[in-house]
There are 2 protein chains.
Amino acid sequence: MPSRSIRTPGIKDVAALAGVSASTASKALNDTGQLRAATRERVRQAAEQLGFTPDSRGRALASGRSFTVGLITTDSSGRFSIPIMLGAEDALSAGEMALVLCDTRDDPLREQHYLKSLVSRRVDGIIVTGRRTEAREPIDVPIPVVYAFSPSTDPDDTSVIVDDHGGAASAARHLLSLGREQIAHVTGPESHLSAQIRAAATMGAAREAFVGQPLYGEWSERWGRHAVDVLLRAQPTVDAITCGSDQIARGVCDRLRELGRSVPDDIAVTGYDNWSVMALASRPPLTTVDMELEELGRRTANLLLDVIAGSPRRGQLILPTRLITRESTLGT
Amino acid sequence: MPSRSIRTPGIKDVAALAGVSASTASKALNDTGQLRAATRERVRQAAEQLGFTPDSRGRALASGRSFTVGLITTDSSGRFSIPIMLGAEDALSAGEMALVLCDTRDDPLREQHYLKSLVSRRVDGIIVTGRRTEAREPIDVPIPVVYAFSPSTDPDDTSVIVDDHGGAASAARHLLSLGREQIAHVTGPESHLSAQIRAAATMGAAREAFVGQPLYGEWSERWGRHAVDVLLRAQPTVDAITCGSDQIARGVCDRLRELGRSVPDDIAVTGYDNWSVMALASRPPLTTVDMELEELGRRTANLLLDVIAGSPRRGQLILPTRLITRESTLGT
DNA sequence: GAAAATCCGGAACACGTTTTCCTGGACGAA
DNA sequence: TTCGTCCAGGAAAACGTGTTCCGGATTTTC
């Protein structure tokens, strides 16, 4: 008796135990073909008894699909890619698909390497995501691709992006609805598209209530604190500040408190990102814009599944943001 | 002429173009078997010309391996799992292995589902990780498994964990070496093993310099701020505070500053985690303990590769932490 | 009771690669 | 010349599954 009997049981073992052929066992387990109910049950019990788990490698080979999709991210250390990843993984696992993770660390060589690897694995599709909202070069593979967060520069590619304009505008409108009349904006580097978009949207929505010019700096608490000094010197009567990120907003709140200005009684503040460790730890907690990145990941994955299934939806899908209101605008 | 000529070229196409058999082509491309150098080169050129990429599904079936490992995480939203994931992915990709991501979201049903899926994919190995340092139930699969961060309750399983004791002790010794004589400790819930360990290690290392009792609370800035009030009432002459997390330490610093106590001149403060968004944004920046989780992920992956290769290393591997010194203990 | 329709299950092949075994030829030694 | 050795490469099997086709058995219909 050869010792190879310890290998995991295959469909042939199940078939043998049930007294049928391998093909019949396959049909029984997949609810296909014409089989007597009794036979089906017999095969099922045999599979159960042996603890049979079908080998998806065989299935992949036979079906021409791999039931796997690749996720290429230029930086998963960033806090944007993570929720997208999770959302995608969530949507895919519901469809019995697996997600293989590829973090290029912004290295084009690594990206090439990963692409080769994914093509070699005959992945059913690829999701490409990055940490910036700037469009990126499309990748060149004979496989369905969907871009998330960072769209492809080719408008015919399928991309899912955040409505950054709408998000910033909703914060400004919220402040207007609360009766604020002098709204300023503090945000990140002007070289960042998202900073530009949010600034433009804020000015557009606030109209004549907007005061001064957008203050561009960096995405940090320190800049938020410093910006308050700059701003109060130029616009002493400002009564609301919308910020390009929760980090900036937290810095703004800290500095205002140090100066004895009450938030929101004297000056209301809004953030952006709904990054809980910032938005909730801030004093007071921040009204902020949630980009709903996990939902974006889910939508991206579902779109990719559609493409794989043969009904592609070309162009950019722009997902709405959600305004989260907290004490930094509403008070207690 | 059938239109199926548009499918991606297989090894048989390469072989045909090079004028050899499929098996010869395989040998040529894999540098195995006995072939003339000229033949090898001819096959290589043919492969190049056709843009041939081997189908790893076929390879997987033939070799009995899948060149894939699964990563099961009970929560990838936590900031502990992420660096571990990235480190593991880094180490694995160097070995031409792919990582499939499974986030159970702490749901046992999802975990079962994922395990089935991974077994079905005939994954070469599995990494299990969690967000707490408490040991967890081992998983039951006929596949090599290595546990990261959260060890298995079975001491014979392979686990890679952080030297929490050493990390906390190193912070205390650092303070002693700076001449501090009254060291207090503020940390998270007593129900958390990591809080207990770090408290015990701090007391053990500080010896007679330790004052009062460890203050257990929660992993938040708010608790850090509140703890300062509690602590100063009981121990007004304290000159150093080690904290169980960077969040707590940041809260401690904020409150001390509000009370007009200088950090580190009056009271030195240390954190834990080296979570840059906390440790660097804190005023002053925090001296803290880095658990080097990315390295832990890499080590875990390499250990798993060893197990797969047939040379398992059983038991717990305890990795050292690294003390990062900054202004919160050293001053400017 | 015979012909037709229906149902059930098996044999064979396909998927793409690796690997084992084998053959035919070239070459050196006796 | 003949035998043995070595080399280059081909044929076939193997991996595990899904699917197509086909024949035999059972039931239905007139």
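Domain bounds in these legends come from an automatic or database domain assignment. The model is predicted, so local features need pLDDT of at least 70 and side-chain atom pairs count only at pLDDT 80 or more, while totals for chains, interfaces and linings use all residues. Residues are numbered from 1 along each chain as its sequence is written, chains are lettered from A and ligands numbered from 1 in the order in which they are written, and side-chain values use heavy atoms, with hydrogens and water left out.

**View 1. Domains of chain A.** Chain A is assigned domain 1 (3-54), domain 2 (64-162 + 293-314) and domain 3 (164-291). Taken over C-alpha atoms, the centres of domain 1 of chain A and domain 3 of chain A are separated by 64 Å.

**View 2. The protein surface near DNA strand C.** Among the 26 residues around the strand, those that come nearest are A:Thr24, A:Lys27, A:Thr39, B:Ile11 and B:Ser26, where near means that a heavy atom of the residue lies within 4 Å. This surface divides into nine nonpolar, eleven polar and six charged residues, with Ala, Val, Leu, Ile, Met, Phe, Trp, Tyr, Cys and Pro counted as nonpolar, Asp, Glu, Lys and Arg as charged, and the others, Gly among them, as polar.

**View 3. Phosphate oxygens of DNA strand C.** A polar side-chain atom of A:Thr39 is placed 2.7 Å from a phosphate oxygen of DNA strand C, whereas B:Ile11 brings a polar backbone atom to 2.6 Å from a phosphate oxygen of this strand. For B:Arg59, a polar side-chain atom lies 3.4 Å from a phosphate oxygen of DNA strand C.

Technical notes
Polar contact = N/O pair within 3.5 Å; in protein donor to acceptor, adjacent residues only side chain to side chain.
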